[in-house]
Amino acid sequence: MLTSTICAAVSAAGLGIALLTAYRKRFLAAARIAAYALVPIGLVMTGVIDWVKDLVFKPSVWVGFGVLAISAVLFMVTRAIERRGGGTRKERRAAAAQQREAMAPDASAPSLGQAPAVARPTAAVAKPKGKAAGGGEDFSDIEAILKKHGI
């Protein structure tokens, strides 16, 4: 009852301001003010105000929102754990068994023979000195990194 009285007063005040604005020959602004002034009384007449009032002032509604929030957090946490951990224990064991079968039987055993020599380029690759002719960039930092790694 109090909310509908307050909304009616706000609408009446807004319509009064709209009439004063129209009296000053600002009809477009007056129409816009009248439109805003009619919103509160329209919300009361449709029942939206009572619904919002019941929503805000009932503790059971807020407990319901809390339960929904806990549910959403649980969904997100379990989804993140599932993505990170690979699913259930049975799924992880099946994936590990499948991975062991896919590997070569002697893949992890050390080789007893001598490893083939890695071919290293010697003088076949000409190293540019100073600035390159095309871009004019200095590659000395890159050369130092490559030399450090033995390339």
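In this predicted model, helix H2 bends by about 30° at Val 39, a kink that comes shortly before the proline Pro 40. Helix H2 covers residues 27–46, and at 1.5 Å a residue its 20 residues should span 28 Å; the C-alpha atoms at its two ends are indeed 28 Å apart, so expectation and model agree. Just beyond the helix comes Gly 47, whose phi is positive, at about 95°.

A look at the two sides of H2 helps a newcomer find the way around. Ala 30, Ala 34, Ala 37, Pro 40 and Val 44 are buried. An α-helix has 3.6 residues a turn, so residues three or four places apart point the same way. The partners of the buried H2 residues are helix H1 (2–23) and helix H3 (48–57), against which they pack.

Other residues of H2 take part in the surface. Val 39, the site of the kink, belongs to a nonpolar surface patch of about 1,000 Å², together with Leu 43, Val 48, Trp 51, Val 52, Val 56, Phe 57, Trp 62, Phe 65 and Leu 68. Leu 43 is likewise a residue of helix H2; its relative accessibility is 32%, and because this value falls between the 20% limit for buried and the 50% limit for exposed, Leu 43 counts as partly exposed.

The nonpolar patch draws on several helices: H2, H3 and helix H4 (59–85) each contribute at least two residues. The most comes from H3, with 5 residues. Helix H3 thus appears twice in this picture, as a packing partner for the buried residues of H2 and as a contributor to the nonpolar patch.

How values were computed. Residues are numbered from 1 along each chain as its sequence is written. This is a predicted model: local features need pLDDT of at least 70, side-chain atom pairs count only at pLDDT 80 or more; totals for chains, interfaces and linings use all residues. Side-chain values use heavy atoms; hydrogens and water are left out. Helices (H or I, at least four residues) and strands (E, at least two) are DSSP runs, numbered from the N terminus. The expected span of a helix is 1.5 Å times one less than its number of residues. The bend at a residue is the angle between axes fitted to the seven residues ending there and the seven starting there. Buried means under 20% relative accessible area, exposed over 50%, partly exposed in between (1.4 Å probe, protein chains only). Contact means heavy atoms within 4.5 Å. Patches are made of residues with over 30% relative accessible area and no salt bridge: like charges are joined within 9 Å, nonpolar side chains (Val, Leu, Ile, Met, Phe, Trp, Tyr) within 5 Å. Accessible areas come from the Shrake-Rupley method with a 1.4 Å probe; for residues, only the protein chains shown count as cover. A salt bridge is a side-chain nitrogen of Lys or Arg within 4 Å of a carboxyl oxygen of Asp or Glu.
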